[in-house]
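Work through the following exercises with the sequence and the model side by side. Try each task before reading its solution.

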Amino acid sequence: MTDHMPDDLSAAGKDMREFTDELRAKFSVVKNISDEWVFLKHADVVAAALDHDRFSSKVSRYLQIPNGLDGLEHSEYRKVIERYLTPEALVPFTESFERIALQLVSELPVGSVFDAVTDVGAIFAVRAQCEWLGWPATLEPLLLDWMKDNHAATRSGDAAWTADVAAKFDDIVRSVIQPRRGAVNSETVDVTSRLCREKVKGRLLSEAELVSILRNWTGGDLGSIALCVGVIIAYLAKHPELAMQLKTAADDEVDAAIDEILRIDNPFVSNRRITTCPVQIGDKTIPAGARVKLNWTSANRDEAVFKKDAFDPAGHREANLVYGIGKHVCPGRLLATIELRVAVKTLLNSINTIELATDQPLVREIAPLGGYHRVPVIIT
Ligand code: HEM
């Protein structure tokens with residue numbers, strides 16, 4: 001093999017998880033056709049994610065708050081964001097998420113095939129996010145269309161298309177924040193209005209900063225939640241005994257099971273870094289200024305740390321990297337956890353059984369995405 005190992009970019013048409021399983025058996029780190037170094041092993045991914053000095057997050061020419069920031073600047077914005085993601089801020093949304101999930105489940109066809117990714121995951125993700133952010137329900141079709149386009153653009157690897165789709169999302173976000181920015185003195189308490197009143201460095205957040213924060217909260221995460229729902233439902237349909245057990249399980253047991261299902265098949269594949277100095281990984285020297293990808297999906301299946309496909313929530317919990325590690329660890333973890341728990345519990349408690357359709361195949365997502373493209377299931 002040459003130095004240019006195929007991975008998520010050159011692996012077009014391949015299942016990322018399967019592909020990185022094969023690569024990881026031979027290499028710790030590979031270089032893809034876009035000249036990015038892809039870290040595959042748990043130890044290397046963790047070390048890089050914790051080493052904020054040698055691995056910078058300033059990877060993009062676009063404003064990315066807080067994920068594209070380093071050091072004190074990152075901490076300053078992160079502090080603002082975290083206020084919206086504490087248990088006190090989020091737990092009160094549980095009831096509305098349950099209402100949304102109940103409504104959605106009541107709309108599912110009983111006895112005929114539907115797709116858990118688009119018919120459950122995507123719709124639930126959009127409705128829950130609109131509820132949390134205080135966005136009007138009229139945005140739902142626009143956001144669902146946007147998710148489809150974003151998915152297709154990401155799958156294609158076409159940078160111009162992806163940039164165009166990103167710009168369309170920014171337009172949606174601007175349509176929500178502009179009226180709220182015009183009324184910053186109002187008492188409106190929805191999350192987006194409150195965010196518009198936040199200050200950094202003694203001044204209000206600019207429109208560009210607000211768009212970046214909200215893009216980060218919604219743009220990427222709508223897709224992640226939808227993919228996560230697909231992975232979880234596929235797993236439960238294949239493991240009816242676990243589905244039965246979770247129907248009556250306590251919340252923390254459900255959360256632990258979900259985290260472990262996502263560890264086995266992590267659809268949130270990777271994040272980027274850039275080296276600030278030469279770094280040694282195994283027998284490879286990575287130069288300063290090199291672009292790096294931390295592949296969470298591969299690290300989460302590293303045989304050196306996990307019994308790869310074994311379902312062991314307690315045994316694997318400590319090393320689980322689904323939500324990352326280090327200063328950039330996902331601040332939305334609790335929100336995602338509540339949303340996924342509510343979706344899974346509501347579904348399981350509203351049905352007798354859930355099975356994979358026998359006449360339609362499960363379709364895996366392809367690089368650079370993870371998880372499933374389509375999960376055809378039948379409920380009774
Ligand atoms: C199941 C769904 C989700 C998964 C698997 C996930 C995973 C991750 C991971 C692995 C990171 C670390 C990135 C890095 O190290 O560069 C991250 C960061 C982040 N996530 Fe999530 N996330 C999810 C849902 C959410 C939600 C619902 C929000 C909404 C607020 C959110 C907001 C963020 C933000 C703002 C960052 C950047 C943090 C920083 O740079 O300090 N995530 N996420």
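**Exercise 1.** Find the residue of β14 that is the bridge partner of I354, and then describe the sheet to which β14 belongs.

*Solution.* Begin with the pair itself: in this predicted model, I354 has I379 in β14 as its bridge partner. Next, widen the view to the two strands, for β11 and β14 (residues 376–379) run antiparallel and are joined by 3 bridges. Then place them in the open sheet of 3 strands, whose order is β4-β14-β11 and whose pairing is antiparallel. Finally, look at the edges, where β4 (114–115) and β11 (354–356) each have a single partner strand, so that one side of each is left without a neighbour in the sheet. As background, strands of a sheet pair through backbone hydrogen bonds, either parallel or antiparallel.

**Exercise 2.** Determine the strand order of the open sheet of 5 strands, and say which helix packs on the sheet.

*Solution.* First trace the order, which is β1-β2-β10-β7-β3, with mixed pairing. The edge strands are β1 (29–31) and β3 (55–56), each of which pairs on one side only. Now follow β3 to its partner: β3 and β7 (residues 270–275) pair in the antiparallel sense over 2 bridges, and S56 stands opposite I274 in β7. The last step is the helix, since α2 (residues 42–50) packs on the sheet and touches β2 (36–39), β3, β7 and β10 (291–295). The direction of α2 makes about 120° with that of β10.

**Exercise 3.** Describe the shell of residues that surrounds the ligand, and identify the donor that the protein gives to the iron atom.

*Solution.* Start with the count: 24 residues surround the ligand, and the closest are H74, R78, R273, H328 and C330. By class, this shell has 12 nonpolar, 8 polar and 4 charged residues. Then ask which elements supply them; α3 (71–82), α10 (207–238), β7 and α15 (333–350) each give at least two residues, and α10 gives the most, with 5 residues.

Next, examine the oxygen atoms of the ligand.

- A polar side-chain atom of H328 lies 2.6 Å from an oxygen atom of the ligand.
- An N or O atom in the side chain of R273 is 2.7 Å from a ligand oxygen atom.
- For N67, a backbone N or O atom lies 3.4 Å from an oxygen atom of the ligand.

Finally, turn to the iron atom, which has a single donor from the protein, the SG atom of C330, 2.3 Å away. To locate this residue in the chain, note that C330 lies in the loop between α14 (313–316) and α15.

Conventions: Residues numbered from 1 in each chain as written. Predicted model: local features only at pLDDT ≥ 70, side-chain atom pairs only at ≥ 80, totals over all residues. Heavy atoms only, no water. Pairing = 2+ DSSP bridges. Helix = DSSP H or I, 4+ residues; strand = E, 2+ residues; numbered from the N terminus. Contact = heavy atoms within 4.5 Å. Axes fitted to C-alpha atoms, helices over the stretch in contact; angles between N-to-C directions. Near = heavy atom within 4 Å. Polar contact = N/O pair within 3.5 Å; in protein donor to acceptor, adjacent residues only side chain to side chain. Nonpolar A, V, L, I, M, F, W, Y, C, P; charged D, E, K, R; others polar. Donors = N, O, S within 2.8 Å, 3.2 Å for Na, K, Ca; no water.
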